[in-house]
Each structure stands twice: as C-alpha cells, then as structure tokens.
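Reader: I am in my first year and would like a close look at a single part. Please take one chain and go through it slowly, starting with what it touches.

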Amino acid sequence: MNIQVDADKCIASGACAQVCPEVFDLDDEGVIVVLDAAPPAELRAKVEEAAAACPAAVIEVHDQSRV
Amino acid sequence: MTRSRVVVVGAGAAGWSTVEALRRFGFDGRITVLSDEVHLPYDRPPLSKQVLSGEWEPGRAQLASAHRIAEADVEWALGVTAAALHSADRLVVTVDGRPYPYDELVIATGVRARRLPVLARDALVLRTLDDCVALRERLRTARSLVVLGAGFLGLEVAATALARGVAVTVIDPQRHPLADRLGSAAASSLVAQHRSRGVRVLTGTAVCQTQRVAERDFWLLRLSDDTTISADLVLVAAGSVPAVEWLAGTSLEVDDGVLCDSEGRAAPHVWAVGDVARWYRPDLGQHVRFEHRTSAVEQGQAVARAICGAPATGRAIPFFWTDQFDLKIQVWGSTSSAADVDVVFGDPGGPAYVAVFHDGDVASPTGVLAWNAAGPSRPYREALVRERSTA
Ligand SMILES: Cc1cc2nc3c(=O)[nH]c(=O)nc-3n(C[C@H](O)[C@H](O)[C@H](O)COP(=O)(O)OP(=O)(O)OC[C@H]3O[C@@H](n4cnc5c(N)ncnc54)[C@H](O)[C@@H]3O)c2cc1C
Ligand code: SF4
C-alpha cells in the first residue's frame with residue numbers, strides 16, 4: 001500500500017489524524033503530515049477509512065504494484 | 001448480506017461516499033448512479049473558493065481519480081434526471097421514462113439554490129460546477145457584483161470576487177447574519193473583516209424591486225431603505241431547498257428534506273444521505289439536516305455499512321469550515337445552544353483565536369470555534385470529540 005497526498009488541498013479538519021493516528025498527524029497549522037507513506041498492510045482498512053473521511057479529497061491510497 | 005443492485009440518485013459527495021464505502025465494505029453487486037449533472041463526482045466547497053478565483057482548474061475539484069472511479073465499477077447514468085419513485089415496485093423512473101429497478105435505493109440529491117421571486121430571471125446562483133464556470137467567466141469583465149445573502153456562500157463569493165478586482169456589495173435582510181452559525185461575536189467580526197477590506201455589507205436590508213436594463217447590461221435594485229444601487233452582476237446566495245421534487249406522491253415523509261431514522265432509512269430499502277437528508281437524532285429528539293461536507297461523507301458511509309451489514313460506528317461531531325480572504329474559520333460541534341463562551345487561545349480582536357462553547361464547564365464543551373487557528377484548536381476539538389461522540 002502506498003499513500004499519496006495533495007496537501008495543498010487540506011482544509012485542516014483533523015479527520016485523518018483522528019481516524020488513523022498511526023499514519024497521519026497534523027503540523028502546527030493543522031495540515032496533514034504523513035508519518036508513513038508505505039504503512040503495513042494490516043493498517044489498510046484504517047488508512048482507507050481516513051482517506052474516505054477526508055472532506056477535501058486529499059488522500060489517495062494505491063496498491064504498491066500500481067502506483 | 002450482499003444485495004444485487006444498489007441505485008444511487010445524485011453523484012455529489014454523499015452519493016460518491018456511499019459508492020466508495022459500499023465497495024470498501026465488500027458489496028459486490030451492481031451499483032448504478034444517476035445524476036442530472038454530466039460530470040463525474042466533484043467537490044463543491046472549492047466552487048466558491050479556488051475554482052472561482054481561478055487558482056484551480058475545475059478538474060482539480062474532482063472527488064476521485066480516474067483509477068478510483070474505474071475501481072468502483074459503477075454504471076454511471078450522467079445527465080439523467082430521476083422523475084419518480086415507485087417504492088412498492090422498487091423502481092426509479094427517469095424524466096425520459098427509463099426504469100431503474102433497485103434492491104436498495106440511496107437518495108443523495110442534495111439541495112438546489114433558492115431563487116428569489118423578486119429576481120426570477122437572469123440572476124446567477126452558485127451550486128454546480130457549471131454555475132461556477134459561468135460566474136467565473138462573468139467576473140472577468142464585470143466591474144460590480146451584488147450578492148444577495150450574507151451566509152457562508154455569499155461571503156465566500158464576495159471575498160473571491162473582491163480579490164479579482166470587482167466592487168462587491170452584499171445585502172442581507174438579517175441584522176446579524178451568521179450569528180446562529182458562528183455565535184454573535186465571530187459573526188460580527190467576520191462582517192467587519194469584509195467591510196475593512198472594502199466589501200459593502202448592507203445588513204437589515206432587503207431588495208424590494210429589481211430591474212434588468214438589458215440594453216446596457218446592468219441591474220438596478222431598489223432596497224428597503226429606499227436607496228437604489230446598480231450592478232453588472234447579481235448573485236442570489238439566499239440558501240437552498242432540498243431536491244425532492246421527484247419524490248412527490250410517494251409514501252416517503254418529506255419535510256425540509258427526506259425524513260430518516262437515525263441510520264438513514266427513509267422506508268424499507270430506501271435511504272437518504274447528505275444535504276437532502278434529515279436524520280433522526282435520538283439525543284436531540286428531533287430530525288436534523290446538515291449542509292456540511294463532512295456530514296455527506298459520514299452519512300454515505302453509515303448507509304453503506306448498513307447495506308453491507310457491517311457494524312455501525314459512532315456518530316461524529318458536526319464540523320464545517322469557511323475560507324474567506326486569508327481567514328479560515330472552523331466550527332466543531334454546536335455554537336448556538338451554549339450558554340457560555342471562553343476564549344482559550346489568542347484574542348478575538350487579533351489575527352487568530354480559539355473559542356470554546358460550553359454550558360458552564362469548559363472541560364465539557366459543546367462546540368469549538370477556530371479563527372485562523374486550526375493548529376492551536378487541536379486539543380480542544382479532541383476534547384470535544386472525546387466528550388460528545390457516541391461510541
Ligand atoms: C459553493 C459551495 C461551497 C461550499 N463550501 C462549503 C464549505 O466550505 N464547508 C462545508 O462544510 N460545506 C460547504 N458546502 C456544502 C457542501 O458542499 C455540501 O454539504 C455537499 O456538497 C453535499 O453533498 P451532497 O452529495 O449531499 O449534495 P450535492 O453535492 O448537491 O449532490 C447532489 C447531486 O444530485 C443531483 N440531483 C438532484 N436532483 C436530482 C434528480 N432528480 N435526478 C438526478 N440527479 C439529481 C444534483 O444535481 C447534484 O449533482 C459548500 C457548498 C457549495 C455549493
Ligand atoms: S482529513 Fe483531509 S482535510 Fe482534514 S486534516 Fe486530513 S488531509 Fe486535511
């Protein structure tokens with residue numbers, strides 16, 4: 001699994017860090033920070049839930065093979 | 001349990017979230033999405049901000065990449081308007097008479113811009129990408145714009161248009177617009193920000209009569225204070241109405257939106273999500289409708305879980321934001337019902353602050369407002385989430 005973000009679109013809702021704090025955190029301005037761009041497979045469901053919860057379509061999850 | 005065919009009417013944030021989540025939770029039947037717009041799912045908040053300003057090309061507002069769209073394996077019926085629902089036969093019928101049978105129906109038709117009788121024709125509204133592109137085009141040459149309505153949409157457009165060098169007047173019959181959404185202090189600061197940057201904001205003022213001077217391509221508006229103003233463009237930003245025309249004559253209960261139980265069920269095999277839906281809130285003892293971007297997602301996901309038989313998650317805290325000039329205002333929870341407000345960071349007169357709304361105990365907040373303070377608000381909104389979400 002591979003994560004791509006378009007941080008310019010982030011509206012600083014904090015949803016991603018709330019849903020999946022293992023992978024997403026926020027900087028001093030509340031904007032998304034990816035802690036691990038290729039997290040282990042067992043986090044897949046949580047990462048996808050965070051991507052879906054984002055109100056600004058910032059986060060994309062890819063399969064490693066595709067990217 | 002897997003059902004054979006889900007039909008979603010409406011391809012906005014709520015409709016797309018439902019589809020995306022259905023696949024994520026393992027639904028492997030057919031999904032058909034009907035939308036009267038011709039575009040694949042796109043996001044509306046940028047329409048009054050980055051797309052309108054010209055900073056983004058419209059394509060940047062799309063909700064999902066081509067890859068995600070392909071993966072979702074949806075039959076898209078775009079440019080197709082649902083005209084009737086026959087719930088006994090589990091059938092949606094389109095304007096041109098085509099039947100779409102379903103096992104589960106998800107109503108995600110959103111809202112439409114309210115038109116004002118005093119301005120029946122020609123005035124612009126902003127709800128869709130096409131509206132946005134048309135307004136953006138007109139703003140290229142317009143010298144002046146009147147915005148009717150000082151809600152979030154009206155003020156966002158005012159800020160964007162001003163930055164493009166257009167003279168902007170905002171008119172609202174309410175004396176204290178947005179006080180119910182932001183609390184009175186933040187609402188008046190916001191109006192003051194507009195005025196200090198050069199937007200004319202006329203509150204407590206209504207438009208009584210309008211005249212379109214077609215040969216010279218401008219408007220004359222007579223106002224309730226007996227003055228007259230002229231403008232090249234008029235935008236109506238006077239709220240919205242749920243898109244429920246097509247549900248007339250059904251057994252669904254429709255009253256300012258489609259009434260649903262606390263899980264989004266409007267009738268057996270019929271669900272409603274997003275701006276069009278009024279879900280029952282057991283904690284409040286009433287049905288509530290939100291026009292918030294996050295609520296569209298949460299409801300879409302909750303309904304997808306229910307259809308797939310996945311366990312429900314707790315209810316999230318309502319959240320919305322608005323961006324105007326260089327200001328970002330964010331609200332988590334509710335600011336309107338609280339008895340007390342404490343400023344916990346910064347100073348309301350200054351560039352950034354955080355206010356906590358509560359009923360006497362700041363440790364048990366009902367709402368958090370961040371004024372250019374997304375970062376500093378974090379511990380307070382996290383406390384709110386801990387206190388108020390249902391597990
Ligand atoms: C300009 C603008 C700026 C915004 N900014 C913010 C913001 O900053 N923050 C925030 O929290 N929220 C904001 N919002 C609100 C947010 O965008 C909405 O809450 C969200 O888009 C709701 O999604 P939805 O899918 O429920 O409805 P919609 O996005 O309206 O989607 C409904 C779709 O259904 C279609 N439809 C309607 N009737 C039919 C029919 N009979 N047959 C077929 N299709 C039909 C509609 O044309 C539409 O495409 C903004 C909204 C707008 C318009
Ligand atoms: S959920 Fe989206 S908008 Fe919110 S902080 Fe994360 S990336 Fe930004």
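**Chain B, from its interface inwards**

Author: Chain B and chain A bury about 1900 Å² between them, and carbon and sulfur atoms give 49% of that. Buried area here is the accessible area (1.4 Å probe) that two parts lose on being put together, summed over both. On the chain B side, B:R24, B:R60 and B:R378 lose the most area to chain A, together 25% of what that side buries. The contact takes 27 residues from chain B and 25 from chain A, where contact means heavy atoms within 4.5 Å.

Some ground rules come next. This is a predicted model, in which local features need pLDDT of at least 70 and side-chain atom pairs count only at pLDDT 80 or more, while totals for chains, interfaces and linings use all residues. Residues are numbered from 1 along each chain as its sequence is written, chains are lettered from A and ligands numbered from 1 in the order in which they are written, and side-chain values use heavy atoms, with hydrogens and water left out.

B:R24 also leads into the chain, as one of the residues through which helix α1(B) touches helix α8(B). Helices (H or I, at least four residues) and strands (E, at least two) are DSSP runs, numbered from the N terminus. Helix α1 covers residues 13-24 of chain B and α8 covers 293-308, and the two pack at about 35 degrees with their axes 7 Å apart. Axes are lines fitted to C-alpha atoms, for helices over the stretch in contact, and angles run from 0 to 180 degrees between N-to-C directions. The crossing is right-handed, that is, the near helix is turned clockwise from the far one by less than a right angle. Besides B:R24, α1(B) brings residues including B:A14, B:S17 and B:A21, and α8(B) brings residues including B:R293, B:V297 and B:G300. By class, this contact has 9 nonpolar, 4 polar and 2 charged residues. Ala, Val, Leu, Ile, Met, Phe, Trp, Tyr, Cys and Pro count as nonpolar, Asp, Glu, Lys and Arg as charged, and the others, Gly among them, as polar.

Now the strands. One open sheet of 3 strands in chain B has the order β12-β13-β14, paired antiparallel; two strands pair if DSSP finds at least two bridges between them. Its edge strands are β12 (207-213) and β14 (228-231), each pairing on one side only. Neighbouring strands are turned by 20 degrees against each other on average, direction ignored. β12(B) and β13(B) are joined by 6 bridges, with B:V207 opposite B:L223. On its other side, β13 (residues 218-223) has 4 bridges to β14(B), and there B:L220 is partnered by B:S230.

The hairpin of β12(B) and β13(B) has 4 residues between the strands, and B:D217 takes a positive phi near 60 degrees in it. Most residues other than glycine have a negative phi. B:F325 is another non-glycine residue with a positive phi, about 50 degrees, in the loop between β22 (319-324) and β23 (327-333).

A further open sheet of 3 strands in chain B runs β4-β5-β6, also antiparallel. β4 (82-86) and β6 (99-101) form its edges, and its twist averages 25 degrees from one strand to the next. β5 (residues 91-94) is joined to β6(B) by 3 bridges, where B:V92 stands opposite B:Y100.
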